[in-house]
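Trainee: Could you take me closely through one chain here, a step at a time? I would like to see how its pieces fit together.

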Amino acid sequence: MKINVNGTTHELGEINPQTPLLWVLRDHLSLVGTKYGCGISQCGACTVLVDGEVMKSCLYPVSAVGDAQVTTIEGVAAKDGTLTPLQQAWIDLDVAQCGYCQAGQIISAEALMRKNPTPSDDEIDAAMNPNLCRCGTYIRIRNAIKRVADSNKSGQNGG
Amino acid sequence: MSTLNYDGVNEITEFFTRKSLAGDATLSAQIFKLDRRQFLKLTGMVGSGLMLGFALPRARAHADHVDFNPNGYIKIDQEGITLYAPNPEIGQGVKTSLPMIVAEELDADWTEIRVVQSEINQVAYGQQFAGGSTAIPSNYTKLRQASATARAMLVQAAAEQWNVSSSTLSTESSQVLQVSTGRKISYQDLATTAASLPVPSSESIKLKDPKQFRLLGTRVTGVDNEALVRGEPLFGIDVTVPDMKYAIYQKCPAIGGSVKSANIEEIKQMPGVVDVFTLEGNGNIGELLPGVAIIANSTWEALQAKRALNVQWDETQAAKDSWSAARKEAARLAQENASQVANTGDFDAAMIASTATASGFYQYHFVTHAPLEPQNCTAHYKGDSLELWAPTQTPGSAIRTAANMTGLQPSQVTLHQMRCGGGFGRRLYNDFVSEAAAIAYRSENPIKLQWTREDDVRYDLFRAGGFHQMDGCVDENGKVTGWRNRFITFAPGGRPASSVSGGVFPGGMIDNLRVEQAALDWTHRCAAWRAPGSNVFAFVVQCFLDELAHAAQRDSLEVLLEVLGEPRAIGRGWRGQGMHTGRAANVVKLAAERAGWGKELPKNTGMGVAFYYSHAGHIAEVAEVSVGGEEDTVKNRSGENVVRRKLTVHKVTVASDVGPIINLSGAENQVEGSVIDALSTMMDLSITFENGRAEQTNFDKYRIMRASASPAVEAHFIDTGEYPPTGLGEPVFPPLAPAVGNAIFAACGHRVRTLPISEEGFYLA
């Protein structure tokens, strides 16, 4: 079986097709930025993008990926390493505490902003509610998203 | 009664709860005791006159330069300046804040330094743990002294190179300067000379006047922020070592049960399974419980094997805990006198002489730590040594238990500190390290032991539930004159999970005060959980004080300030920094003022105030909430009918006095996070037990608060310059629940006395 992750096609060899994408990423491809938190699609630590749509990878069988493009936290920045405005906002606003949930948070926020570059507070809440933060950094997560949304409004990030 | 022993579990818990409040040095020595041989060997090294008494790292010579390694915190070489962060990072920010202290006193350019997590070395660093909000206060002076010494040596090196007096020189941005001549030289270029100099005596070292601080007190972003947003491997769970296999350990769902039989041969035939075996456990409930280990080629294959594993458990020794039975027994005990813990004045006489009284039965459920990174540990046993990669808050005790599991000496165990995906007290206990070591001991390959979320909850060391029968009174002036706190706790292994004392608020502030305690038999392990003791006592005592203020028909803020009284120190407190009523009153007044206490509020909206002293921090919080109308009647967890009501927490204003702030960004983050954690916990978090089993084992039933319910949080800090800094990981947690509880009463007249308050029908908008 083959899957495409962050623009690279990986040959997985013989693998149980029911293996959740999460464990394929972590154990087979050493892409450990995507995290295990609950295994029942409740916490969002394992969130990835599948063809641009948010997906909890802990219950998503690898066989379901097919020809879709998977994007993990390792593939969010540009190929040359340039961070996205959201990643930069996460650094500048010092969002993380333990940081364990933040890969999933950033993936959810990226998916939101790609579809809706200027989300309202309610739209931010709806997009981010699936992602738990045990340390309670929700306020800073929202502020980071709003900072990027505000600069999108004023056209600084190319709208 | 179970024959399991709880050695270590209770000691650690006590250390991080009431014993640490008294600064008990004996217990500290006991918990952090070194292996004797290692101790003698290492102290011998110190005696031989190593630089500054630090054992590592030694300076390394290169072709034409020598690294300047004055102590375990600083290395200056041709690559630049590296600062070593000694304590575990669990989200409290010490991988950033501790090196900030070093950089400040060293006058290093923060934008150019590199921060690395240090190795474990008790001689170089002392006790390296994350708990009790101690990392800042226990390291502050030590780091400043070590860094100022290094700075003095760099100045001396420049003085010798330029042949001038060191008194003509100053430092800034990793350079020594001579202002009169405009000469400058970088620390890197001074490293070789500095490394050859004798270490000046500590008496000759002058620390900076805090007024000269350039870095401390400013907002500095976390040193791992970029690695985090790029998804780089930082956490224990991210560790991969060559030839590593993946392990799962299945224990009895009722804690303490042992393995009768299991379909081990069948499981061994499953795809990807490398080995399956039974471990008997060592009888210590804090180390190794009986179970079945599965080693596989991937986590998923191990999990599939676990699913197919069929174990017959012997539950003779297992927990029989029942929350519903415990509640009934507690309600009965609440009506009887319990063992007297403290008694000042005459409570009974005060009640008889009183003008008004209040009485309330408070209760709180068990909760689990639930750090988002489930417990895990990678272990490689090599016959005469053991290498560990562990996300632990207490690496020293992790090394000792791993040695115990493998028959090695602690000196043969190497532990790499990994970033922890949350701690909250869970990782003070190293049972997951014990298991990993025991499994690795029987494995050809290095193994990564992974707990599932269900394991993480079921085998947690819980914050114990508890019950308080509260009674009190006021005199004709509305002054609180009598107070009785009758506490019913749980006693795993025969020792109370939590204890009240005469020092619990309002001890020392009320004339007639009686404190009593009783305990219920229990088996599940209970332990330190963010702000142990205080995290629930604050709710009980600050809400009950509000009840008395209401009974006296007085303003809650006015009564709180009256109880605090004249500025004075009360008790020895934590690390010798006891509660001071003046500091308390100052934060209370500041929070009230910034929140607009007393202002006109819309209908069904109210404000509540609460103060609590914990971990040497003085914290006041004011919550502003709205309560919706009565909705439908539903059954709560306990099978009682309750009326649902919507709660909106608009804003929480927090005033803290924790001495000087090291990293303002980190401090504000801790305040915001503590408020949200405390709100989440008080709203709906509960673990109940029946038939010896936890009834909630994942986030579907243990519903941590979501982003949309977050209130606005305003953080204010008081620093009078009179006190040393203390930690901020814990003390903001306790006052939140009573501030919200009191605000609910102000908004709608309903007095919440149960945590979580979903038990009384409240849910967050």
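Mentor: Happy to! First, a word about naming: helices (H or I, at least four residues) and strands (E, at least two) are DSSP runs, numbered from the N terminus. Keep in mind too that this is a predicted model. Let's settle on chain B and begin with helix 17 of chain B, which covers residues 556–564. Its buried residues are B:S556, B:L557, B:V559, B:L560, B:V563 and B:L564. Now look down the axis of helix 17 of chain B: those buried residues fall within an arc of 165°, so they line one face of the helix. A general rule helps you picture this: an α-helix has 3.6 residues a turn, so residues three or four places apart point the same way.

What does that face meet? The buried residues of helix 17 of chain B pack against two strands, strand 20 (480–492) and strand 24 (605–614), and against three helices, helix 16 (534–551), helix 18 (581–595) and helix 20 (736–748), of chain B. Now step just past the end of helix 17 of chain B, and you reach B:G565, whose phi is positive, about 70°.

Strand 20 of chain B leads us to another spot. Between strand 20 and strand 21 (512–522) of chain B runs a loop that holds B:P506. The peptide bond joining B:F505 and B:P506 is cis, with omega about 5°. You can find a second cis bond running from B:L755 to B:P756, where omega is near 0°. B:P756 also sits in a loop, this one between strand 32 (754–755) and strand 33 (762–764) of chain B. As background, most residues other than glycine have a negative phi, and most peptide bonds are trans.

With that in mind, visit B:S174. This residue is not glycine, yet its phi is positive, near 65°. Look for B:S174 in the loop between strand 5 (170–172) and strand 6 (175–178) of chain B. Is B:S174 buried or exposed? A residue is called buried if 20 or more other C-beta atoms lie within 10 Å of its own. B:S174 has 22 C-beta neighbours inside 10 Å, so it counts as buried.

Finally, zoom out to see chain B beside its partner. Their contact takes 47 residues from chain B and 48 residues from chain A. On the chain A side, the largest share, five residues, comes from helix 5 of chain A.

Terms used:
Residues numbered from 1 in each chain as written. Chains lettered and ligands numbered in written order. Predicted model: local features only at pLDDT ≥ 70, side-chain atom pairs only at ≥ 80, totals over all residues. Contact = placed C-beta atoms within 7 Å. Buried ≥ 20, exposed ≤ 12 C-beta atoms within 10 Å, placed from the backbone. Arc of directions from axis to C-beta.
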